Amino acid sequence: GSQSRFNAIADINKAVPFETKMTDSLKKIWATDVFSMAQMEESLSKSAYKAMKKTVQTGAALPNDVADDVAAAMKDWAMAKGAKFFSHIFYPMTNATAEKHDGFIITNPEGAAITEFSGSLLIKGEPDGSSFPNGSLRMTNAARGYTAWDPTSPAYIMHTPNGAVLMIPSVFMSWTGEALDKKIPLLRSNAAMNAAAQKVLTLMGEEEIATLNSSCGAEQEYFLIDERFANARPDILLAGRTLFGASPAKGQQFDDHYFGAIPERVQVFMQDFEDKLYRLGIPAKTHHNEVAPGQFEIAPYFESANIASDHQQLLMTLMKTTAKKHGFFCLLHEKPFAGVNGSGKHVNWSVGNATQGNLLDPGSTPNDNLNFLLFCGAVIRGVHKFGPLLRAVIASASNDHRLGANEAPPAILSVYLGDQLEKVFDDIKTGALHVPKSGGLMDLGLAQILKFERDPGDRNRTSPFAFTGNRFEFRAVGSSQSVSGPLVAMNTMLADSLEWIAEKLEAQLESGKDKAAAAFAVIKELMELHSNVIFGGDGYSAEWHRMAVEERGLRNAPTTADALPALKEKEVVELFSNTGVLTPTELASRFEVYAEQYVLSVEVEAKLVIEMATTMIYPAAVKYLSSMASTGFTLEHSPATKVAAAATAMMASVEKLSAALESEHFDTTEAHMSFLAADVRALMVDIRTSADLLETLVADDLWPLPKYREMLFIK
Ligand code: ADP
Ligand code: MG
């Protein structure tokens, strides 16, 4: 009943502040828990270190004897830090992280404990993976999966309250080599992007081109509420969001939270959390309050996509465990509170290498400008051609509540370039900007004109996919999602576009044009085909939603049920198989896993709605009514009549929802998803509407669930 709610408030009010101490200097703690290249240089033989470095830089396979050396050095390092166990850590197709811990210990024939950690243990592990979703991949192969170290991502130590575990970032695949995780396609997508980029840069006359890599800097939004409130709300504990709750009188309409002072208790949490990140070599760079009360953001400095992706998963895990330690509950859900801003994850993405630098930076020479226009054009083409794929990889039951909700990017994929750059591309398309006949490279002065675009004040915040001066920012990604899916989609669409560009460029050059004229001709053709995806206006407006679909031919996929089937479309299947990123079987298994996750999460929520309405909210309404009746008060014109009506309406909807959940005859997964997205979700909203009305009518001291104003403002 309401007792747990009031106990929570009382407990919070008498809570003593978390004990704090000054933290150690950055220099002292930076990457101390990482088995870094510097560590390896110290502890490996010269030749082993050289082989290791080559693997990290080029992705070349690690020879077996070197693996043995690395394993031995890694074990010594970890054991000196108190580790007795090691674990391959991997990233199954859910957004979660998985581990299986094994001891270093073995016993010798005399029964004494000795330790062992060979190269083969480092490189290959066998998790009991039968419980990981695999989209029937392993069913067909009738085999278990295994994990293998990804040597391009360093091992590290995870501290527990009284020990430590050596963590080994790994891929997870079937015995027949099919990807069962989110890391394998990321590594493959990077390789595909590199191969295509090499072709374009070679045609553009570049020499000594180093391996290209994609980079990612993710801005992570989240909510913190007191843990005691979370414990009194089954919906937060089980679904990660409030399934009920009336809007508070004071919401975010005052906007006084954005960039405001961070409450001290939160500040202490952040410091503790960021120190943990630093020890793990994760470069936490900015943190601040977000738009909604109780909402915050953290953004580490960008890193290579594979590492950034591993770090992002680690960051989400640490954020939750550290919050718990500080008596907070950390919500990564995209829309934990209705009527309050949701949380996203902006994925900042660029591609580059050591020799040419960042290819999405216009640079300062005419040559750099041309390369930039080609790569930027490649991204534009990718978003136009594969917008539905980009939408599919960010589709989830939770992100559906956020996209298109007038405070988050629309569910239509378009590209924002900024006025100046948009004009450059437009002028190339119309021929207003062309290469002089005299030949030679023209200085487009892009670095100059684009300086202006980097001003954050000038950015269009309503765009789902924006150029921000030297990178693209994919803003429609959900706060709880792995960044890997979006990175795979972006790298792969870029690979496809760069292949297309290379082919066109080659033909233009063969026809006798010089590099600049050839590049301009290709960009002109590209813009004629794909400039429809460029949009600089208000992405929230109803006009854009109409225009995008009717005039531009872009797709609007408001729910996961609309978005996920894109993974089955011919163009997408071909994209992934042509680039070698995912075979048709692997891709099909992904659709199955994501669809299943959607179905499961909506069904879990729906059942919880029924249970909470029946066992918590209805009884509170009845209690209130009986207390009113016992006063002998005449019920006419009193809130009681409204309470009775709302409670009856709520239970009628509960009956309907229960019946809807019984219908289990769907010909296809798609039909099942659509039924949940339309019918089931609508009934959940009906129940909530009645319940939230009840919350505003029933006596406060009888209400069982912590209210929005309490969760969002008491800290
Ligand atoms: P804003 O809030 O203005 O978008 P932030 O500084 O909060 O910017 O976050 C921007 C993110 O983009 C950071 O993680 C930053 O390191 C990252 N970033 C900056 N340059 C690049 C780049 N070239 N490639 C990828 N990410 C980048
Ligand atoms: Mg941003």
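**Figure 1. A buried cysteine, C376, in a predicted model.** C376 is buried, with a relative accessible area of 0%. Keep in mind as you look around that this is a predicted model. Does C376 count as buried or exposed? With under 20% relative accessible area as the cut-off for buried, its value of 0% makes C376 a buried residue.

**Figure 2. Two cysteines without a disulfide.** How many disulfides does a search of the whole structure find? The search finds zero. C216 is in no disulfide, and the nearest cysteine sulfur, that of C376, is 18 Å away. Turn to C376 and the view is matched: this cysteine is in no disulfide either, and its nearest cysteine sulfur, that of C216, is 18 Å away. A disulfide needs two cysteine sulfur atoms within 2.5 Å, so a separation of 18 Å rules out a bond between C216 and C376. C216 counts as buried too, at 2% relative accessibility.

**Figure 3. The magnesium ion and its protein donors.** Which residues supply the protein donors of the magnesium ion (ligand 2)? They are E219, which is listed with OE twice, and E473, also through OE. These donors lie 2.2 to 2.5 Å from the ion. E219 lies in strand β9 (residues 213-226) and E473 in strand β17 (residues 472-474), so the pair ties together parts that are 254 residues apart in sequence. Both glutamates, E219 and E473, are buried.

**Figure 4. Helices α21 and α23 side by side.** Here you can follow helix α21 (residues 584-630) and helix α23 (residues 669-697), whose axes come within 10 Å and cross at roughly 25°. Because angles under 35 degrees count as roughly parallel, α21 is roughly parallel to α23. The crossing of this pair, α21 and α23, is left-handed. What kinds of residues make up the contact of α21 with α23? By class, there are 20 nonpolar, two polar and four charged residues.

**Figure 5. Helices α16 and α17 at an oblique angle.** The next pair is helix α16 (residues 484-510) and helix α17 (residues 515-530). Their axes come within 9 Å and cross at roughly 130°. That angle makes α16 oblique to α17. The crossing of α16 and α17 is right-handed.

**Figure 6. M173 in strand β8.** Where is M173? You will find M173 in strand β8 (residues 163-174). M173 is buried, with a relative accessible area of 17%. For a sense of scale, pick out D679 as well: M173 and D679 are 506 residues apart along the chain, and their C-alpha atoms are separated by 37 Å.

**Figure 7. A31, a loop residue with a positive phi.** A31 is found in the loop between α2 (26-29) and α3 (37-43). Most residues other than glycine have a negative phi. Phi of A31, though, is near 55°, a positive value in a residue other than glycine. Is A31 buried or exposed? With a relative accessible area of 18%, A31 is buried.

**Figure 8. E208, another positive phi in a loop.** Look for E208 in the loop between α8 (183-203) and β9. Phi of E208 is near 50°, again a positive value in a residue other than glycine. E208 is exposed, with a relative accessible area of 71%. Set the two loop views side by side: A31 is buried, whereas E208 is exposed.

Terms used:
Residues numbered from 1 in each chain as written. Chains lettered and ligands numbered in written order. Predicted model: local features only at pLDDT ≥ 70, side-chain atom pairs only at ≥ 80, totals over all residues. Heavy atoms only, no water. Buried < 20%, exposed > 50% of the residue type's maximum accessible area, 1.4 Å probe, protein only. Axes fitted to C-alpha atoms, helices over the stretch in contact; angles between N-to-C directions. Helix = DSSP H or I, 4+ residues; strand = E, 2+ residues; numbered from the N terminus. Parallel < 35°, antiparallel > 145°, perpendicular 65-115°, else oblique. Left-handed = near helix turned anticlockwise from the far one by under 90°. Nonpolar A, V, L, I, M, F, W, Y, C, P; charged D, E, K, R; others polar. Donors = N, O, S within 2.8 Å, 3.2 Å for Na, K, Ca; no water.
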